[in-house]
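Biologist: I am new to this structure and would like to learn how to read it. Could you walk me through a few features?

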Amino acid sequence: MIRLAGGRILDPASGRDEIGDLWLEDDLLLDRPADADEIVIDVSGFVVAPGFVDLHCHLREPGFEDKETIASGTSAAAAGGFTTVCALADTRPSIDTGSDVESVLTQARRDALVRVLPLGTTTKRRDGQELSEMADMAAAGAIAFSDAARAIRSASLMRHALEYSLLVERPIVSHAQDTDLVDGGVMHEGPVATVLGLKGIPREAEEIAVARDLALARLTGGRLHLAHLTTAGAVEQVRRAKASGVRVSAEVTPHHLTLTDSAVAGNGNGRMYDTNARTNPPLRSHADARALLDGLRDGTIDCVATDHSPQRWIDKACEFDQAEPGMSSLETAFGLLMRLVHAGALSLPDMIAALSARPAQAWGLPYGTLASGSSADVVVLDPDHAWVVDPERFLSKGKNSPLGGQTLRGTVLLTIAAGRIVYRNGV
Amino acid sequence: MTLQVINRAEPITQRQPAARTRRHVLDLDDFSVEEVETVLETATRMKDVLSRPIKKVPTLRGKTLVTLFYEASTRTRVGFEVAAKALGADTVSVAAATSSVTKGESLIDTIRTLQALGADFVVMRHHQAGAPYVVADEVGSSVINAGDGWHAHPTQALLDLFTMRERLGRIAGLRVAIIGDILHSRVARSNLWGLTLMGANVVLCGPPTMLPEPSFCAGGLPWDLERTYQIDEALHGADVVMVLRMQLERQTGGLFPSLREYVRTYALTEERLAKAKPGALVMHPGPMNEGVEIDPKVARGVQSAIEAQVTNGVAVRMALLYLLSGLPA
């Protein structure tokens, strides 16, 4: 039995926020000791919170083990305070059947440091032609369905996907982007793209797709989850849809909340055409970031998800147009979000909720809580400790971060996943 | 390089004063007025060298200049080679289509190879914006951007400034009309930095599909300028008319209906040129589509500086090579 002693226990699911002790018996949490034999870890002065839940990350295995593996990706997750990660299905082969889901779970049982919940594809091979076997995959443990970065082009197929998902009551995750309007764009369409001579992706590429998907969710009654929203207009549409009873949830990434398209021009590190700031969907403007934050605060956006996208060095050490999009973001998510807390834009309990209780609630997962009897997923945080990001020291294989050299205030000290210490840094 | 886009309301760049500490020429966005003046004055002296019976000095003897071109070019590549040879440097020309690039070699590998082979200057053209920045981060050589995607063509802008000053005696206060596909033009972009820096008044003119959105040009950017869709308005009172090449693929891309309509709406004809100031200078970065964006009579007329641009390009590139080599004046 482990006792986490003297920390500030912050459990957004129950509203608990007090100095106290927390007991872990095997893989369960208890609010009082079960026996006298205990290992005491002194966490006084620090925050004890539920382990974080990430609804959106790319672990790359099987097929792209040179970018990330379940072992390395979950090590990165543990270092970032995450105890549950939902792994996208854009692997090679893609996760199209129940046996594909089982093989990911088998690999995870062998290698993973934290809980891995696989997503399946929405359409076979993610090619937008035929629905994947959702019932088979749900029975094997698929948590949701998504074609990852490939938006489903056909409105009719998207309608059927949302309808069919009613059979398994799992969300369809949409990367809402109008492919025709993206048309080879590589960053946010705006002043920075204009000056840099890069082809832009207008906000409307997202907003048109969000409008379509919300209309189809209304039509079908299916559960729609909008991945990584980026624009003020999209947030407003979701706000109205929720008010009118559409079954929709939405997420935002730490980087879309805190960075803007100026990162592509090296704002922050002085590197022009910084390929590490190329993300899909792209980093947008200050006004969009502010609207995303407002959406997160008023509940329009359900939660934060990392969209952790590890890439090989060579896929970033190249021309901007050629670079693979994405950031290795599991290990910087907490520190980056703490910028909002230190700036007074978000309270610490709300930020923790956005990483734990709220994503769990969005998908009906029994995690992200410190309630007695729940899984012993706990993270100990120092919200004030400043550190300089050095991507070379990431546990993720993906060193692709535009935050290299920047100072973040807020670190993960200890991560316990299902009762097991999976990351320890100084306590 | 300390080029930063801080936010919409703040300047997009920090100018640096000293030409002699510069290692790369990637765009004009980080040039100061003094540095441009230095380049233009040095180019004047280089033009004297080019007018001598023996057009060669040994200043850069023992140095190697590599031209690495991922995109076709005549005047820019040859302009650099002539400039380097006039200064006594050796030149090596790498065309991407005939090198290992066709075997899938990455830009980084290519550039490391060129550096290992001893290139002092890498003159690079690439079809993607920002490619020279990847190279400049990686090598000890001086990198000169000879055109990257839609982004920049700094030596073209410098030779344009040189030509304007040579013909009209000044740059500050000139009304310069840039006509055509502004949105996809690296020549326009670099000229915007250079012209606004040197105090010219620029007006942008082209079809609405080929001008940047007005809202993207606000907030202290050099794009925050007079703009019009009507060529007659742009030409009114112009001292310089800079005509851009119309790329035919923009038609299939849905940006304009037909060449016929483009010619009728935007071609610089003698009749239209008469709306500019008497003696207004006609410029074109080349290669021209004669009969499309510019009437052949205008291109070859008395007001045309198009051939002078090519000649001046050699002098300006000599000046840059000389200044980048860090040799005493």
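**Reading the model piece by piece**

Modeller: Gladly! Let us start with a pair of strands: in β7 of chain A, A:A87 is the bridge partner of A:C57. Keep in mind that this is a predicted model.

Biologist: How many bridges join β6(A) to β7(A), and do the strands run parallel or antiparallel?

Modeller: There are 4 bridges between β6(A) and β7(A), residues 82–87, and the two strands run parallel. Together with helix α1(A), residues 70–79, they make a right-handed β-α-β unit.

Biologist: Is β6(A) mostly covered or uncovered?

Modeller: A general idea helps here: in a regular strand, side chains alternate between the two faces of the sheet. As for β6(A), residues 52–57, the strand is mostly covered, with 6 of its 6 residues buried.

Biologist: And how do I read a helix? Which residues of α4(A) are buried?

Modeller: An α-helix has 3.6 residues a turn, so residues three or four places apart point the same way. In α4(A), residues 155–164, the buried ones are A:M158, A:A161 and A:L162. These residues are on the same side of α4(A), because they cover an arc of only 95° around the axis.

Biologist: What do the buried residues of α4(A) pack against?

Modeller: Their packing partners in chain A are β10 (172–174), α7 (203–220) and β13 (224–226).

Biologist: Loops puzzle me. Why does A:P12 count as buried?

Modeller: A:P12 lies in the loop between β1 (2–11) and β2 (16–25) of chain A. It counts as buried because it has 23 C-beta neighbours inside 10 Å, and the cut-off for buried is 20 or more. Leaving aside neighbours within four places in sequence, A:P12 is in contact with A:P349, A:I352, A:A353, A:S356 and A:A357.

Biologist: Now the two chains. How many residues of chain A are in contact with chain B?

Modeller: 23 residues of chain A are in contact with 30 residues of chain B. On the chain A side, helix α6(A), residues 191–196, gives the largest share, 5 residues. By class, that side has 12 nonpolar, 9 polar and 2 charged residues.

Biologist: Which domains does the assignment give for chain B?

Modeller: Domain 1 is 19–152 + 310–324, and domain 2 is 154–306. Their C-alpha centres lie 25 Å apart. The contact takes 26 residues from domain 1 of chain B and 20 residues from domain 2 of chain B. On the domain 1 side, the elements giving two or more residues are α1 (33–51), β4 (142–148) and α12 (306–324) of chain B.

Methods. Residues are numbered from 1 along each chain as its sequence is written. Chains are lettered from A and ligands numbered from 1 in the order in which they are written. This is a predicted model: local features need pLDDT of at least 70, side-chain atom pairs count only at pLDDT 80 or more; totals for chains, interfaces and linings use all residues. A residue is buried if 20 or more other C-beta atoms lie within 10 Å of its own, exposed if 12 or fewer, and partly exposed in between; C-beta atoms are placed from the backbone. Two strands pair if DSSP finds at least two bridges between them. A crossover is right-handed if, with the strands pointing away from the viewer, the path from the first strand over the helix to the second runs clockwise. Two residues are in contact if their C-beta atoms, placed from the backbone, lie within 7 Å. Ala, Val, Leu, Ile, Met, Phe, Trp, Tyr, Cys and Pro count as nonpolar, Asp, Glu, Lys and Arg as charged, and the others, Gly among them, as polar. The arc is that of the directions from the helix axis to the C-beta atoms. Domain bounds come from an automatic or database domain assignment.
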